[in-house]
Amino acid sequence: MADEVILLDFWPSMYGMRLRIALAEKGVKYENKEQDLRNKSPLLLQMNPIHKKVPVLVHNGKPVLESSIIVQYIDEVWKDKTPLLPSDPYERAQARFWVDFIDKKLYEAGRKIWTTTGEAQEEGKKEFIEVIKTLEGQMGDKPYFGGEAFGFVDLSLIPFYSWFHAFETFAKFSVAAECLNFSAWAKRCMEKESVAKSLPDEKKVLVFLTEYRKSLGIE
Amino acid sequence: MHELCSHRHSTENITLIKKAMAKSDVKLLGAWPSPYVMRARIALNVKSVDYELLEETLGSKSDLLLKSNPVHKKIPVLIHNDKPICESLIIVHYIDEFWSSGPSILPSDPYDRAIARFWAAYLDEKWYPSLKGIASAQGEEAKKAAVDQVGESLALIEDTYVKLSKGKPFFGGEKIGYLDIAFGCFLGWLRVTEKTSGVKFLNEAKTPHLAKWAVRFCADPAVKDVMPETEKLAEFAKLLAKFRAGPPK
């Protein structure tokens, strides 16, 4: 029986990117339905009535919500190919911890950078670099967060990389200059086909965020 | 004579060490009022795992806590064979996956798991903060808005219970599972909030299914010894409020 897999997505969404990568890693065929978040579709509201957010994975008509939950779902359903989470319980706990850390800290710090100016933006920039440095320290000498193989933490983090150019432009800094190992890891991830085809062009993201900032009256 | 004494002492020592090891293999850094710590305790109880509870004192963080959770510096932290695991829901997953031969905590079907995880995240990100929001609401209007919000989300949870339990006693079915633990841990603080705000949230009139579920949950063998008494928790809440207000100026 053929699986029907639909992804309700929004092209700059870092959370949507996670799922594009995960589905590509698993070789799952799916239909991407681009959403207009300023004019939410009946399908989105039906599938995610509580949060009304993207991404949503609709598998055989049933919605799965929250990107890190969806990645685990994808890993558990399509379990015969390319494991995304480690098999050892302790390693799994570590992977979940770092994805939770990314969700709690990185998005907020980044948001401060692109939605504010002046002192608030400086603060966001400092927090952002601190988070990246913590993650960098965690990775150590390993090629990926999970070790030898690209996995849950890597795919949860790399989408933010497509927004770096915008952050660096708004707050005038360079992640590469501050975090060498992180940049090496990012380039390594970008060499993977599943990642390269799932992330939008960073210049397109800059244009999008610049326009969004204008519409919010920032700067 | 000297040698005989040494031999007896070393045998006793070995027995003591063995006893100590069995329990100290698993340590939980926590505090009795914390609902997040309770999640870990209930999960360990479900699996019949012996553990040592190391109580943190209010106002100070032990060296062990700072070493084990340098990122967040928060409880609970499960330390298993000297390896720390942090974040209550991650700890519950770990307990379920490591002690896999015991009764299951997470549902077995991936879709059911995703649903349970979704609601647990909802409780942590939306519901519990809104509950705490009642105490910190300034003025009558803000308080009413906070109360309404909690009431609405509880109605949602009541519906969710009906859908997920499918007539069985718990969110997890015949026995307590992930979502029972994720939500049930908040019952103590919910009762304290009802006392201090004067508003009833979880009862026969408003949430008939959850009211009955709560009784069953609190009576469960894995729960009853770790669920604090509402009175004791209310006293602690007063202490906490004083502590947060700081010394008198």
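**View 1. Chain B at a glance.** Chain B contains ten helices and four strands. The model shown here is a predicted one. Starting at the N terminus, the order of elements in chain B is α-β-α-β-α-β-β-α-α-α-α-α-α-α. Of the 249 residues in chain B, 46% are buried.

**View 2. Four strands of chain A side by side.** In chain A, four strands make an open sheet, in the order E2-E1-E3-E4, with mixed pairing. Where are the edges of this sheet? They are at E2 and E4 of chain A, which each have a single partner strand, so one side of each has no neighbour in the sheet. On average, and ignoring direction, neighbouring strands of this sheet are turned by 25° against each other.

**View 3. Strand E1 of chain A and its two partners.** Strand E1 of chain A spans residues 5-9. With strand E3 of chain A (residues 56-59), E1(A) pairs in the antiparallel sense over four bridges. With strand E2 of chain A (residues 31-34), E1(A) pairs in the parallel sense, again over four bridges. A good residue to find here is A:Leu7: it stands opposite A:Leu57 in E3(A) and opposite A:Asn32 in E2(A). Next, look for A:Leu8, whose bridge partner in E2(A) is A:Lys33. Helix H1 of chain A (residues 14-26) joins the picture too: E1(A), this helix and E2(A) make a right-handed β-α-β unit.

**View 4. The two faces of strand E1 in chain A.** In a regular strand, side chains alternate between the two faces of the sheet. Which residues of E1(A) lie on each side? A:Val5, A:Leu7 and A:Asp9 are on one side, while A:Ile6 and A:Leu8 are on the other. Both faces are covered, and all of these residues are buried. That fits the count for the strand, where five of five residues are buried.

**View 5. A salt bridge between two helices of chain A.** The side chains of A:Asp103 and A:Arg18 meet in a salt bridge, with 2.7 Å from N to O. A:Asp103 belongs to helix H4 (residues 89-115) of chain A and A:Arg18 to helix H1 of chain A, so the pair ties together parts that are 85 residues apart in sequence. Are these two residues buried or partly exposed? A:Arg18 is buried, because its relative accessible area is 0%, whereas A:Asp103 is partly exposed at 26%.

**View 6. Salt bridges in chain B.** B:Arg39 and B:Asp124 meet through their side chains in a salt bridge of 2.8 Å, N to O. B:Arg39 sits in helix H2 (residues 35-46) of chain B and B:Asp124 in helix H5 (residues 110-136) of chain B, so this pair ties together parts that are 85 residues apart in sequence. With 0% relative accessibility, B:Arg39 counts as buried, whereas B:Asp124 is partly exposed at 23%. Another salt bridge to look for joins B:Glu204 and B:Lys212, where the closest N and O atoms are 3.9 Å apart. B:Glu204 counts as partly exposed at 48% relative accessibility, and B:Lys212 is partly exposed with 45%.

**View 7. A salt-bridge network with residues from chains A and B.** A:Glu76, B:Arg113 and B:Arg117 are linked in a network of salt bridges. Over all chains, the structure holds 22 salt bridges.

**View 8. Unusual spots in the backbone.** Most residues other than glycine have a negative phi, and most peptide bonds are trans. The peptide bond from A:Val54 to A:Pro55 is cis, with omega near -5°, and A:Pro55 lies in the loop between helix H2 (42-47) and E3 of chain A. In chain B, the bond from B:Ile75 to B:Pro76 is cis as well, with omega near 0°. B:Pro76 is in the loop between H3 and strand E3 (77-80) of chain B. The loop between H3 and E3 of chain B also holds B:Lys73, which has a positive phi of about 55° although it is not a glycine. A:Glu66 has a positive phi too, near 75°; look for A:Glu66 in the loop between strand E4 (62-65) and helix H3 (67-77) of chain A.

**View 9. A nonpolar patch on chain B.** Which residues make this surface patch? B:Leu58, B:Leu239 and B:Phe243 form a nonpolar patch of about 290 Å². B:Leu58 comes from the loop between strand E2 (52-55) and helix H3 (63-68) of chain B, and is partly exposed, with a relative accessible area of 40%.

Methods:
Residues numbered from 1 in each chain as written. Chains lettered and ligands numbered in written order. Predicted model: local features only at pLDDT ≥ 70, side-chain atom pairs only at ≥ 80, totals over all residues. Heavy atoms only, no water. Patch = residues over 30% accessible without salt bridge, like charges linked within 9 Å, V, L, I, M, F, W, Y side chains within 5 Å. Areas by Shrake-Rupley, 256 points an atom, 1.4 Å probe, with all protein chains shown as cover. Salt bridge = Lys/Arg side-chain N within 4 Å of Asp/Glu carboxyl O. Buried < 20%, exposed > 50% of the residue type's maximum accessible area, 1.4 Å probe, protein only. Pairing = 2+ DSSP bridges. Right-handed = clockwise from strand over helix to strand, strands pointing away. Axes fitted to C-alpha atoms, helices over the stretch in contact; angles between N-to-C directions.
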